[in-house]
Amino acid sequence: MERYERDWDAPMPYNAGRTLTVREFRGSSCSPLLWSDRRTMEAWNRTRAAYGRGIYVGAAFNRIWEGGHAGQSHHYAGAAFCVGQDLTAEQRAELRGAAVRSRDWVDVEPAESNPGRVCFDRRFLPPACETGGYPALREGGRGNYVLILQDALFTLGYTGSGLDGVFGPGTKAALIRYQQDNGLFPDGVAGCLTWTKLTGQTAGIGARRTTVAPCYGSM
């Protein structure tokens with residue numbers, strides 16, 4: 001895990017050619033704390049280079065309690081983009097083709113699913129649920145999906161060792177307490193049933209007293 005302190009108009013870490021600023025990645029989120037991963041930024045770099053022109057970013061990052069997306073959306077992981085809302089249909093088709101040809105994105109939504117924008121993500125596989133969503137997480141895990149887990153647990157009042165993206169003993173203990181309180185098998189593993197219930201309870205509920213680094217002025 002790496003941590004950066006950057007101005008909103010600075011480029012995102014690992015961004016090449018200043019084609020994606022922190023402000024653009026933040027989008028409609030009001031959070032002072034953002035996260036993503038290197039694979040996602042490098043995928044962006046290659047797609048942006050293949051397209052060869054500026055890309056308007058309409059949606060990239062939100063924290064789960066801010067909502068705005070489905071319960072297990074990869075936007076909450078900082079691994080998804082919906083872009084090109086200002087383009088013509090022909091230009092979006094060109095951009096979508098560049099994203100497909102890059103082979104960097106796990107999913108590029110077809111035009112019929114989102115005709116007014118181009119959506120792609122660099123999710124981790126396999127998902128815990130057969131229908132998709134987040135990967136199973138257990139003690140020892142690290143990364144942006146651990147941050148979603150911690151963010152959701154803390155917002156619901158199950159505080160652990162910090163919002164640090166490291167699945168350590170504190171996060172496991174908090175998860176077990178959550179599972180015990182919600183009729184789930186208390187194994188300390190974020191699997192399909194745990195993710196489904198946890199994201200369903202957290203997505204879009206807003207920051208709470210126990211939320212770490214909430215939006216400015218929200219508490």
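A residue is called buried here when its relative accessible area is under 20%. By that criterion, 49% of the 219 residues in the chain are buried. The model is a predicted one, and the description below moves from the overall architecture to the interior and then to a few backbone details.

The chain contains 6 helices and 4 strands. Read from the N terminus, these elements follow the order α-α-β-β-α-β-β-α-α-α. The radius of gyration is 17 Å, close to the 17 Å that the globule rule gives for 219 residues, so the chain is as compact as a globular protein of that length. Along the principal axes, the C-alpha atoms fill a box of roughly 50 × 40 × 30 Å. Contacts that are distant in sequence feature clearly in this fold: among those between residues at least 6 apart, 57% join residues at least 24 apart.

Turning to the surface, the accessible area of the chain comes to about 10,300 Å², and carbon and sulfur atoms account for 50% of it. Charged side chains number 25 positive and 22 negative, with the centres of the two sets 1 Å apart.

The interior is best introduced through the largest nonpolar core, which has 51 residues. Within this core, W44, F81, V83, F120, I148 and L149 touch the most other members. Contributions of at least two residues each come from α1 (22–26), α2 (38–51), β2 (80–83), α3 (89–102), β4 (118–121), α4 (144–155), α5 (169–181) and α6 (192–202). Of these, α4 gives the most, with 8 residues. The surroundings of W44 offer a closer look at the packing. Leaving aside neighbours within four places in sequence, W44 is in contact with N15, T19, L20, I55, V57, F81, V83, W105 and F120. Three of these partners, F81, V83 and F120, are themselves among the core members that touch the most others.

A few backbone features also deserve a friendly pointer. Most residues other than glycine have a negative phi, and most peptide bonds are trans. Against that background, the peptide bond from L125 to P126 is cis, with omega near -5 degrees. P126 is located in the loop between β4 and α4. Positive phi values occur at R18, near 55 degrees, and at R103, near 60 degrees. R18 belongs to the segment before α1, whereas R103 sits in the loop between α3 and β3 (107–108). With a relative accessibility of 78%, R103 lies over the 50% cut-off and therefore counts as exposed.

Conventions:
Residues are numbered from 1 along each chain as its sequence is written. This is a predicted model: local features need pLDDT of at least 70, side-chain atom pairs count only at pLDDT 80 or more; totals for chains, interfaces and linings use all residues. Side-chain values use heavy atoms; hydrogens and water are left out. A nonpolar core is a set of buried Ala, Val, Leu, Ile, Met, Phe, Trp, Tyr and Cys residues joined through side-chain atoms within 4.5 Å. Buried means under 20% relative accessible area, exposed over 50%, partly exposed in between (1.4 Å probe, protein chains only). Contact means heavy atoms within 4.5 Å. The radius of gyration is taken over C-alpha atoms; the globule rule is 2.2 Å times the number of residues to the power 0.38. Accessible areas come from the Shrake-Rupley method with a 1.4 Å probe; for residues, only the protein chains shown count as cover. Lys and Arg count as positive and Asp and Glu as negative; His and the chain ends are not counted. The place of a charge is taken as NZ of Lys, CZ of Arg, CG of Asp or CD of Glu.
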